[in-house]
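Reader: Could you take me through one part of this structure closely, namely the largest nonpolar core, and tell me which of its residues touch the most other members? I'd be glad to hear how far the model can be trusted around it, too.

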Amino acid sequence: MYAQLCKRLSEEAPNFDPPDGPCTYNRLLLSKCQDEFERRRRASEAWDLPEGAILTPEQEEERSAAKRKMVGNLRFIGELGKLEIIHESILHRCIQQLLEKRRRRPMVDLAEDLECLCQIMRTCGKVLDKPKAKPLMDQYFERVYQLSSNTELLARIRFMLQDVLDLRAANWVPRKIAQVDGPRTIRQVREEAAHDLGVYIPPPSSHGPPRSSGPISPLAGVSSFFPQPGGNRTGMEDVFMGAVTLGTGPGVISSQPDKYGFDSNGFGSGVSGGGSYRPRQQQGNKHFNNQSFSRQQQNNQYNQQQNYTNIPTKDLPPRFKKILSNTNAGGTGGSDGEVSLRPAASSMMLKPKTPGVLPHSALGNQQSNDHHHHSSLPIAPQPQPPNQKPTPPLMHKDPPILIKQASTDKSRANKKDRGPSREEWLRRVKNVYEELMKEQNLEEAVENYRSLKLPERHTAEAVQTVVNFLLTQEAESNRELGSQLVERLRIDGLINVDRLFDGVRQVLGRLDDLVTDIPRVKSHMAGILGYLVGSGTLSLADVAEPLEGGQHFPLFLLTLQTLHKLQGKSALTQTFNDSKVNLLNLLPESDRTKEKLADLLEDRNLSFLFPLLRIQSDLWRALIADPSPHAFYKYIKDTLDVEHHTAPGFINALMTVLVKYITQETTLCTGSDPSVIPEKLVTEQEQELLAKFKPVLQAFLHDHLPLQVTAVYALQVFTYTQNFPKGMLLRWFVNLYDLEIIEEDAFLSWKEDLSQDYPGKGKALFQVNQWLTWLQETEDDDEEEEEA
């Protein structure tokens, strides 16, 4: 936000420096940024204490604030670079200083510089990473890569460097942007849990037992649910998992062996419950410790076989029924009484889906196979005798299935559920246009695009892709057909106008990079923009906005030529006048004169847009031929239509011609020194000559306050082009006021006006500000006297 404020101020703040250099605001801003960058370590050095000394809480807070300011300043500099207030070469020099190799460089200084480097790269790395700067950027990131493996640096700094490396590898797309925002379904949460934790939680079955409200521990060997007596379930208990300590109570497996011979210390004894937590290294792949499992099986196989052989299946927890069933299916036991706990290759323990979520066809096959292999093991729990108090079940639903080998498949399933990627969407859009170029069928292309159902968040990038594709088409008919499709999509509401404009801006931002591959890229772009403006898809003012300051010159003039070809003179004149575009602002700074503009328009047959643009040269020739005020006024009446007498362009030309003639005859004559105040005799001659032309000026300015303000601006621009001759502007202000050619309200309106269409306003204000203050006070006194 502050960088954008600086951008606005750099464009609108008064300039007190010479016009051929940077504006005053930019010069001061750059100087301040340079100072902050060069003294970035001074604040932190103040907190370097002797070894063993400890900062107080207040000092620690001040130190943290100083560091935040240092990093924040670097981010601010990067934001200024993104807005092109700071040139890219300055940013490159900053990066080179931060990465500079120096002997005996303190590690603390290097760490702080690297943190600043990461901040600059995160902020404006995408702007700097252009094809022209690729060799430099590759050198920077080679150095960053080396530093990221430097064990002498803090882990926090190394991780920062690695994040920057990853950011560039991802084409400068932050990970947060790549993530899908918004609510997710329970199924997506389950699948993400399966991908991240290795545990898949099946959805509840409508015919199965009710869900439990007990918590899940992701630290367990095989995750399970434990009922909470008297607890109310919310329906989301199977979604939220936390590494919690279950404590003791009903439904919690203690660390002591139960009647089945299982305890909480390893897979050989059951599940990890209660409060037992093992480090990740001991858990293996978070859930199984395969090595300890194998050793236990070898050492205690007989005991395990005896324990499992006589277990009453009606009381057996379902998770162990599944294990037993899968064990028998794998054929690892030698007889019905011998059971091995090693999962078979075809076991459901290694499959990504449970029978409850498989397709119906696969479900039927699975149930058939289960019945064939496990007919001796009943799955459903047996009913309890009516007089016996029911035993709370240990688990009310199928256990979560551990996923190992299917993690890749699960990741692919997640990606599929989230829909096409950004690249896939853009490829589909491009395919629509390629098909249009091949078939030349506009209606079919509209329907093809409609069927895509492109998300709005990709619309701007889709427009950028489309325009870039059309720029490569050599045939003008193809570019026009593609533009017609854009128009139809906008009319049908398939493309938002704002997103359309954003996409066009993105293309314009990289237009210079396309010149190598497409030599006539500006002509092609002008044809596309001209058609979009002519069809009403974009406004001429929208097209002019990113081209201000002479950007991509002469693209705007080429666009006007395209519109002239499509619409004709009258329609283009109306469109141009309605847009209120200042054509001078769209020229390069060196060509920003009326004479140059007139030449450019004449070369491109666009002079009809500014019928008064040549009036200044015509007026000058007439005044030189006969300098009498009467002849000059008669020439204007005879040659200029009455409707142009109140046109700002005519007033500007009239004032400029008269000021130029009067000063050349007096104060700015050949041999005079503009840096010295003229002698009194010469200034009196200047005033007398102005008084002679007073009737001419009053004839067009009297009782027209806006036109008087225009005349003041014409005087300002003239003095600006003459590099502000000493005392001239103030002298003319006084003479125009004393001769009652310009009223005080016009001078004050000029002072308050914030328009930057006319150069030199800042320095002009500086020269006449004291006189304007006197004028304001005089007017206030007159108003008080009238009220009295």
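Author: Happy to! Let's start with a term: buried means under 20% relative accessible area, exposed over 50%, and partly exposed in between (1.4 Å probe, protein chains only). By that measure, 41% of the 788 residues of the chain are buried. This is a predicted model, in which local features need pLDDT of at least 70 and side-chain atom pairs count only at pLDDT 80 or more, while totals for chains, interfaces and linings use all residues. Residues are numbered from 1 along each chain as its sequence is written, and side-chain values use heavy atoms, with hydrogens and water left out.

Now to your core. A nonpolar core is a set of buried Ala, Val, Leu, Ile, Met, Phe, Trp, Tyr and Cys residues joined through side-chain atoms within 4.5 Å. The largest one has 63 residues, and those touching the most other members are Tyr 433, Leu 471, Met 525, Leu 538, Phe 556, Leu 560 and Leu 583. Leu 583 makes contact (heavy atoms within 4.5 Å) with Phe 556, Leu 557, Leu 560, Phe 576, Leu 597, Leu 601 and Phe 610, not counting neighbours within four places in sequence. Another core lies apart from it, with 54 residues, including Phe 632 and Trp 750.

As for trust, pLDDT is the predictor's confidence in each residue, from 0 to 100. Its mean over the chain is 74, and 67% of the residues reach 70 or more. Over residues 206-315 the pLDDT stays under 50, and over residues 346-398 it is below 50 as well. Where pLDDT is low, the predicted coordinates should not be read in detail.
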